[in-house]
Each structure stands twice: as C-alpha cells, then as structure tokens.
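Grab a coffee and open the model in your viewer. Below are some short exercises, each with a solution worked step by step.

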Amino acid sequence: MLLAIDMGNTQTALGLFDGDELVRSWRMPTDCTFTKDEVHMRLLGYFTMHGLTVDAVDAMAFAGVVPDLLRAWQLVAEELGAAFVQVGAGTAAYTLVDAANPSEVGADRIANATAAATLYGAPSIVVDFGTATNVDVVDERGAYIGGAIAPGIRVGLDALTARAARLASVPLEAPGAAIGRNTVAAVQSGTVVGAAAMAEGLVGRIRRELGPAGAGSCVIATGGLAGVVASCTDVFDVVDPQLTLKGIREIWRRVEAASGTAAAPDAAPDAERS
C-alpha cells in the first residue's frame with residue numbers, strides 16, 4: 001500500500017491508499033522538532049488505532065514544505081523498507097508545470113493540479129483552503145499555469161481576534177445569512193461568507209482570463225475547510241477534501257510506471273460531485 005504525505009505549514013495530512021481506494025486518512029501537527037522516532041511512533045499509533053499494520057506500507061510519496069521533517073520521513077521509510085518519492089524536482093518529468101519559475105511552485109499545488117486534470121478534466125480551477133488559501137489553475141493542456149495565494153481563513157480569523165480584544169474566539173461555521181445579527185454571526189459572515197465571495201470573484205476573473213475554454217472549467221474545493229465554505233456558494237462543481245493526497249498518489253503512479261518497478265527509497269532528490 002502507498003502512504004501519501006501532504007505536509008503543510010500547520011498540519012500534515014496522511015492518506016493510506018490500496019490502489020484507488022483511500023483506506024484511511026489522518027492529520028497530525030507539522031512540528032519541526034519531531035524526530036524520526038516521533039514520526040514513526042505517531043504513524044504506529046494511527047495504524048494500530050484502526051487495526052492496521054505499518055508493514056503493509058511498501059511505498060511513501062511525500063509533498064512538503066519543511067526540509068527538516070523530510071529527512072525524518074525518509075528515515076521512517078528506510079526502516080519500513082518502503083520506497084520513497086518526493087514530489088518536486090525529482091518528479092518534474094511526470095507533471096505539467098508551465099509557470100515562470102517552476103522550481104518555486106509548491107509541491108502541494110503541483111499535486112492539486114495533477115489530481116484535478118486526471119480526475120476532473122482540464123481546464124480546471126482548484127481552491128485549496130489551508131494555512132493559505134491557494135487558487136491553482138490548470139489550462140486546457142492539463143498544465144499548471146499559476147494562480148493566487150491569499151491568507152488562510154484561520155490565519156485571518158486568528159489575526160482579527162488577536163488584535164480586537166473584545167472579539168472572543170469564533171467557531172468557523174457558516175452563518176445562516178450574510179447579515180450577521182450579532183457579533184459571532186457577523187464575524188462568521190465576514191470570515192466564511194467572505195472566503196466564499198473571494199473564491200467567486202477570483203474564479204470569475206480566472207475564467208475570463210482563460211478565454212473561451214475557461215467557461216467550461218471545473219471548479220474544485222479542497223482543504224480542511226472546503227465543505228464549510230462550499231455551503232455558502234454554488235461556485236464549486238466538486239468538493240474533494242482529499243484532492244492533494246490523490247494528486248500525490250497519481251504522481252507516485254507515474255513515477256512507478258516509468259521506472260517499471262518501485263523506486264528505491266533514496267531515488268528522489270529533494271469527491272464528491274455536487
């Protein structure tokens with residue numbers, strides 16, 4: 001089985017795949033102090049909780065932004081005797097990236113674009129609600145061509161509550177209306193409905209910039225808060241919270257198919273339809 005690892009700035013998403021089937025998924029904090037042993041211990045805990053064994057993992061595919069933790073995951077793969085591939089420069093031949101500086105494009109964005117084109121067709125637009133809100137654009141060729149980056153929903157809300165002493169922590173839930181009748185509802189409107197409105201505006205502009213092909217582009221919401229935001233708008237054709245993990249899986253498949261066998265552990269250098 002394949003363990004796909006999507007390491008973000010705040011959280012790391014794990015997905016265990018048996019072929020096309022996502023058997024289980026977990027989230028753990030992205031903590032730069034984690035050693036190989038701590039990563040391995042958490043992994044054992046997640047698997048044991050669901051009656052699974054880590055010995056079933058014969059491959060790991062990693063997309064992440066924290067170099068210190070990359071080595072810890074590589075060492076865990078070595079202990080398990082699992083092949084290891086890092087999405088990035090070592091997998092560039094298996095993805096389509098047509099950006100001004102391809103080396104600057106985050107591995108999670110490449111995974112999103114790959115999954116979107118493979119699963120939902122091209123052109124497509126992915127809105128990923130994570131630590132940052134990323135908008136990833138795939139053209140009619142299936143190539144990632146760019147997008148937009150905005151502060152994430154939680155980041156914005158945390159900044160607001162930190163600077164406004166009278167605002168208590170507000171649950172990230174969709175309000176019943178855009179007009180908040182009390183402080184909590186008003187903050188929820190500005191935060192959640194505001195994120196939906198931003199997605200609507202950016203998607204509309206991107207579709208126009210894509211030209212005639214853009215009108216038929218599939219718009220996909222992903223990330224931990226995708227469902228909450230999607231409940232406030234009809235701009236999304238698909239809500240797929242596991243899109244990034246599926247993209248990592250697809251890139252692994254391409255690497256494996258090209259090599260004819262599972263890559264060695266040190267081979268890498270670096271939905272739901274509505």
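**Exercise 1. Asp-139 and its partner**

Task: Find the residue with which Asp-139 forms a salt bridge, and decide whether Asp-139 is buried or exposed.

Solution: Bear in mind that you're looking at a predicted model.
- Step 1: Asp-139 forms a salt bridge with Arg-141, and their closest N and O atoms are 2.6 Å apart. The cut-off for such a contact is 4 Å, so this pair qualifies.
- Step 2: Check the cover. Asp-139 has a relative accessibility of 6%. Buried means under 20%, so Asp-139 counts as buried.

**Exercise 2. Two more salt bridges**

Task: Which parts of the chain are tied together by the pair Asp-237 and Arg-207, and which by the pair Glu-79 and Lys-36?

Solution:
- Step 1: Start with Asp-237, which forms a salt bridge with Arg-207; here the closest N and O atoms are 3.9 Å apart.
- Step 2: Place both residues. Asp-237 sits in the loop between α6 (226-230) and β10 (238-239), while Arg-207 belongs to helix α5 (residues 183-210), so the pair ties together parts that are 30 residues apart in sequence.
- Step 3: Look at exposure. Asp-237 is partly exposed, at 29% relative accessibility, and Arg-207 is partly exposed too, at 24%.
- Step 4: Now for the other pair. The side chains of Glu-79 and Lys-36 meet in a salt bridge of 2.5 Å, N to O. Glu-79 is in helix α2 (residues 67-80) and Lys-36 in helix α1 (residues 36-49), so this contact links parts that are 43 residues apart in sequence.
- Step 5: At 43% relative accessibility, Glu-79 counts as partly exposed.
- Step 6: For the bigger count, the structure holds 10 salt bridges.

**Exercise 3. Strand β6 and its neighbours**

Task: Is strand β6 (residues 124-129) enclosed or open, and which strands are joined to β6 by bridges?

Solution:
- Step 1: Count the buried residues. Six of the six residues of β6 are buried, so the strand is largely enclosed by the rest of the structure.
- Step 2: Sort the side chains by direction. Ser-124, Val-126 and Asp-128 point one way, and Ile-125, Val-127 and Phe-129 point the other way. This fits the usual pattern: in a regular strand, side chains alternate between the two faces of the sheet.
- Step 3: Take one neighbour. Strand β7 (residues 132-138) runs antiparallel to β6, and six bridges join them. Ile-125 has Val-137 as its bridge partner in β7. The two strands form a hairpin, with two residues between them.
- Step 4: Take the other neighbour. Strand β9 (residues 218-222) runs parallel to β6, with five bridges joining the two. Asp-128 has Thr-222 as its bridge partner in β9.

**Exercise 4. The pairing of β4 and β5**

Task: In which sense do strands β4 (residues 59-64) and β5 pair, parallel or antiparallel?

Solution:
- Step 1: Four bridges connect β4 and β5, and the sense is parallel.
- Step 2: To find this pairing in your viewer, go to Ala-59, whose bridge partner in β5 is Ala-83.
- Step 3: Check the sides of β5 (residues 83-86). Ala-83 and Val-85 point one way, Phe-84 and Gln-86 point the other way, and all are buried.

**Exercise 5. Two exposed residues**

Task: Where do Ile-149 and Ser-169 lie?

Solution:
- Step 1: Ile-149 is part of strand β8 (residues 144-151). With a relative accessible area of 61%, Ile-149 is exposed.
- Step 2: Ile-149 and Ala-132 are 17 residues apart in sequence, and their C-alpha atoms are 6.6 Å apart in space.
- Step 3: Ser-169 lies in the loop between α4 (153-163) and α5. Ser-169 counts as exposed, at 70% relative accessibility.
- Step 4: From Ser-169 to Leu-157 is 12 residues along the chain, and 8.4 Å between C-alpha atoms.

**Exercise 6. The whole chain**

Task: How many helices and strands does the protein chain have, and what share of its residues is buried?

Solution:
- Step 1: The chain has seven helices and 11 strands. Its radius of gyration is 19 Å, close to the 19 Å from the globule rule for 274 residues, so the chain is as compact as a globular protein of that length.
- Step 2: Of the 274 residues, 46% count as buried.

Key: Residues are numbered from 1 along each chain as its sequence is written. This is a predicted model: local features need pLDDT of at least 70, side-chain atom pairs count only at pLDDT 80 or more; totals for chains, interfaces and linings use all residues. Side-chain values use heavy atoms; hydrogens and water are left out. The radius of gyration is taken over C-alpha atoms; the globule rule is 2.2 Å times the number of residues to the power 0.38. Buried means under 20% relative accessible area, exposed over 50%, partly exposed in between (1.4 Å probe, protein chains only). Two strands pair if DSSP finds at least two bridges between them.
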